[in-house]
Amino acid sequence: MMNRRAFAACLAAGLALTALPGVASAQEKVPVVASFSILADLVKQVGGDRVAVTSLVGPNGDAHVYSPTPADAKAMAAAKLVVINGLHLEGWLPRLIKSSGAKATVATATKGIKPIEAEEEGHDAKAGHGHDHGHDDPHAWQSITNARIYVANIRDALDAADPAGKAVYDANAAAYLAKLDTLESEVKAAVARIPAERRKAITTHDAFGYFVKAYGVEFIAPQGVSTESEASAKDVARIIRQIKAQKVPAVFLENVTNPRLIEQIAKESGAKIGGTLYSDALSDASGPAGTYIDMMKHNISEIEKALGAGPA
Ligand code: ZN
């Protein structure tokens, strides 16, 4: 039992009772803004009950193209920490940070990750049609090895923003990193079960470059690494030829892109639609990909189902 003097000392030290688990109210939590849903989940995993996370781009939203709302500006202004992906994913974000008057520290989750260069698959490299070629592919989270770096950067940013919570953040991060190790073993085992000649598929936009590099399933996309530019008729025709020539077993829809293009490609190429992959955003909490780990599990399960067995 705490005596009155100890209680008073506690108050004087500014600790009050908020340090007890379950006592802190929403207002007392550390306000953190994450630019999109995958990052928001990673921040929640590390921050636990000590943080209140706001995701700017919500579930199933497209983080490449986004129009911030007044509520986003308010969340930014109140934030103690803002976590962004970087690698030019969130082109709309610098303006929001400026206009909101945010004073928060901005932490870049991809800091220290070796970016892969966007191949501009979907474009005729010689055409020189205005957009910059050879920029970095922002979808680094599709490699679980990179996700570990995201988690370490988020842990360090939370430790700095809220030093009183350091022990909690460090412990949460360590436990979560162990889960990522298990997840990565599962992904590798699933890929190993797919016959080598069937490890190839089509998605709408080029979101799986890091997955390709890490796990050896090839993904080809008619659209580039951003959803900002549309695929041309020429790009689509090339993909259809490629599906036929290389016997690509399946095409996948993505939760963040319009299904029409893939449906057209499936129809004209004869490839089957393998399901929906969560590329750049989680599903809502009730969906199959409400967390980063569930997203990766869902994606590899869809990939294995579509590519694994061959036609029934
Ligand atoms: Zn993307």
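How much area does the protein expose, and what share of it do carbon and sulfur atoms supply? The exposed area comes to about 15000 Å² (Shrake-Rupley method, 1.4 Å probe), and carbon and sulfur atoms supply 55% of it. This is a predicted model, where local features need pLDDT of at least 70 and side-chain atom pairs count only at pLDDT 80 or more, while totals for chains, interfaces and linings use all residues. Numbering runs from 1 along each chain as its sequence is written, and side-chain values use heavy atoms, with hydrogens and water left out.

On to the fold. The protein has 10 helices and 8 strands, taken as DSSP runs of at least four residues (H or I) and at least two (E), respectively. Four strands form an open sheet with parallel pairing in the order β2-β1-β3-β4; pairing takes at least two DSSP bridges. Since β2 (51–57) and β4 (105–108) each have a single partner strand, they stand at the edges, so one side of each lacks a neighbour in the sheet. Strand β3 (residues 81–84) is joined to β4 by 4 bridges, and Leu81 sits opposite Thr105 in β4.

As for packing, 48% of the 312 residues are buried (under 20% relative accessible area, 1.4 Å probe, protein chains only). The largest nonpolar core (buried Ala, Val, Leu, Ile, Met, Phe, Trp, Tyr and Cys joined through side-chain atoms within 4.5 Å) holds 74 residues, and Leu180, Phe211, Phe219, Tyr292, Met295 and Ile303 touch the most other members. At least three residues come from each of domain 1 (25–182) and domain 2 (192–308), with bounds from an automatic or database domain assignment.

Methods: Buried < 20%, exposed > 50% of the residue type's maximum accessible area, 1.4 Å probe, protein only.
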